Amino acid sequence: MAKGGWLFLVAVGLAIAAPAPQFILVQPELFSAPGGMPNAWADFDNDGHLDLFVGFRGRPNRLYHQERGRFREIASQLGLADAVETRAAAWGDYDADGDVDLYIGFIDGTPNKLYRNDRGRFTNVAHELGVDLTGVTRQVSWIDYDNDGDLDLFIAFRDQPNRLFRQDNGRYVDVTADSGIGDPRKSVGAVWFDIDADGDLDLFVANQNGDTNGLYRNDRGRFVDVAREWGVDAPRASAEFGGVGPAVADFDGDGWLDLFVANYGPSALYRNDRGRRFVDVTQQTGLLFNQHATTPFWGDYDNDGRPDLYVAGFLATETHYPDHLFHNDGGRFTDVLPKLLQDHDASHGVQWVDFDGDGALDLSLSNNDAAGGHYLFRNLLPREVARRSLAVSVVDTEGRHTLPGAEVRVYVAGTRQLISSALVDTGGGYCTQSVVPVHLATGNAERVDIEVASMSARGRQITVRPNVSVAVARSSASLRVSVSRP
């Protein structure tokens, strides 16, 4: 962790000023249907290309298979075209067999589904595993909360207490009551991260309809709500206000993970004060705005080493309720949303993802308005700037994606000069979880050290891949960093 006060990350050798963001629509005739809600990315068939699942209301769900930069819709062929309103979608390799599975959450009393992926063939196994829950499902997350090496399952609900299932030798056991995590408030968004750097994942829950937020500190598998003590409970003025979507990043480069919460009402940015509390820095960073904000998502779209922030807005009576694209200028933020995105905005789903592997983060949005759509934008970052980045896949020693919540940092080789950092996804982007490589800027450094902080039974574990050639690493789709699980 960085010592001293509030530090601001400055990418090595890059100017502070950001280029104006430029995007173009990808296959707009394909990505045009309204009603999109969650949108989640993963390489479900292990062909080296990221694929996109979109959950809908008013039409069957879709799975877009990527074929070298072009997409084809194949959900019905694979049995994934559920026509029930879908509010949650989470990819995760729950059975550690090397291919990612998909949990789908509904809201109308239809039992949720867990689609086990067997080499690209999907089978609903939710009932036999005891996770075919019903209710107004919101965030679903695959995480290893007890650091035993396998993925557990968390589900947030709008209409009942949240649930936590521990995996025991391939079976799922409901540990909600024993763990103390069953928040009974009206939850919408949730995200897992190590708030205090003690080596286990904690949970922030954004609660709606006048309810305060929850921050559940993980004390060896028992959870204590410390939201009030840590300054993120956010008391509401009335039932019209509430939390919707959280997003986590180290926005100021001090080594501690910070938290942005999109709200109905004023949204908020909380700086992590060295693992002791969160401090509201919304106004001083230029992020104070008051509206119906739904979904935030951090991503360094210009590869300057500082995470930028997309925030979607939603109002049922407006197709194009304002969104924001906040560029991180080094601790203050400027809204730089281009007109193309104003005209093709989100209401719910937001994902930054380098789907084409060119080194620049692209953008995936979904708008559930009848006159909206779901959109994929290619980022037109200049090639020389796009290549100042790495895609890092954090896997276990068997090559499996079992480490959600791991933190990845890039330093100038042989130094502690931090260039950029990011988190392996644990939930966000509107009730989703993706399995994608972590995107990290490299500045002008030719060689870098990659450091992964992961959770383990022995506490916080550091894995370093030193002296990596950026040029060589860029020649592959993504660089894998293997983490042992003692």
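Accessible areas in this report come from the Shrake-Rupley method with a 1.4 Å probe, and for residues only the protein chains shown count as cover. On that basis the protein chain exposes about 17,200 Å², and carbon and sulfur atoms supply 48% of this area. The structure is a predicted model, in which local features need pLDDT of at least 70 and side-chain atom pairs count only at pLDDT 80 or more, while totals for chains, interfaces and linings use all residues. Residues are numbered from 1 along each chain as its sequence is written, and side-chain values use heavy atoms, with hydrogens and water left out.

**The chain as a whole**

The C-alpha atoms of the protein chain fill a box of roughly 55 × 50 × 50 Å, taken along the principal axes. Of the 486 residues in the protein chain, 62% are buried, where buried means under 20% relative accessible area with a 1.4 Å probe, protein chains only. Among contacts (heavy atoms within 4.5 Å) between residues at least 6 apart in sequence, 54% join residues at least 24 apart. The protein chain carries 45 positive and 68 negative side chains, counting Lys and Arg as positive and Asp and Glu as negative, with His and the chain ends not counted. The centres of the two sets lie 2 Å apart, the place of a charge being NZ of Lys, CZ of Arg, CG of Asp or CD of Glu.

**Strands and their pairing**

The protein chain has seven helices and 36 strands; these are DSSP runs numbered from the N terminus, with helices (H or I) of at least four residues and strands (E) of at least two. Two strands pair if DSSP finds at least two bridges between them. Three antiparallel pairs are set out below.

| Pair | Bridges | Opposed residues |
|---|---|---|
| β7 (residues 101-106) and β8 (residues 113-118) | three | I104 and K113 |
| β8 and β9 (residues 121-124) | four | D118 and R121 |
| β30 (residues 407-412) and β34 (residues 447-456) | six | V408 and V452 |

β8 takes part in two hairpins. The hairpin of β7 and β8 has six residues between the strands, and G109 in its turn has a positive phi of about 100°. In the hairpin of β8 and β9, two residues lie between the strands, and R119 takes a positive phi near 55°.

The pair of β30 and β34 belongs to an open sheet of four strands in the order β31-β30-β34-β35, with antiparallel pairing. Its edge strands are β31 (418-423) and β35 (459-469), each of which pairs on one side only. Neighbouring strands of this sheet are turned by 20° against each other on average, direction ignored, with axes taken as lines fitted to C-alpha atoms.

Technical notes
Axes are lines fitted to C-alpha atoms, for helices over the stretch in contact, and angles run from 0 to 180 degrees between N-to-C directions. Buried means under 20% relative accessible area, exposed over 50%, partly exposed in between (1.4 Å probe, protein chains only).
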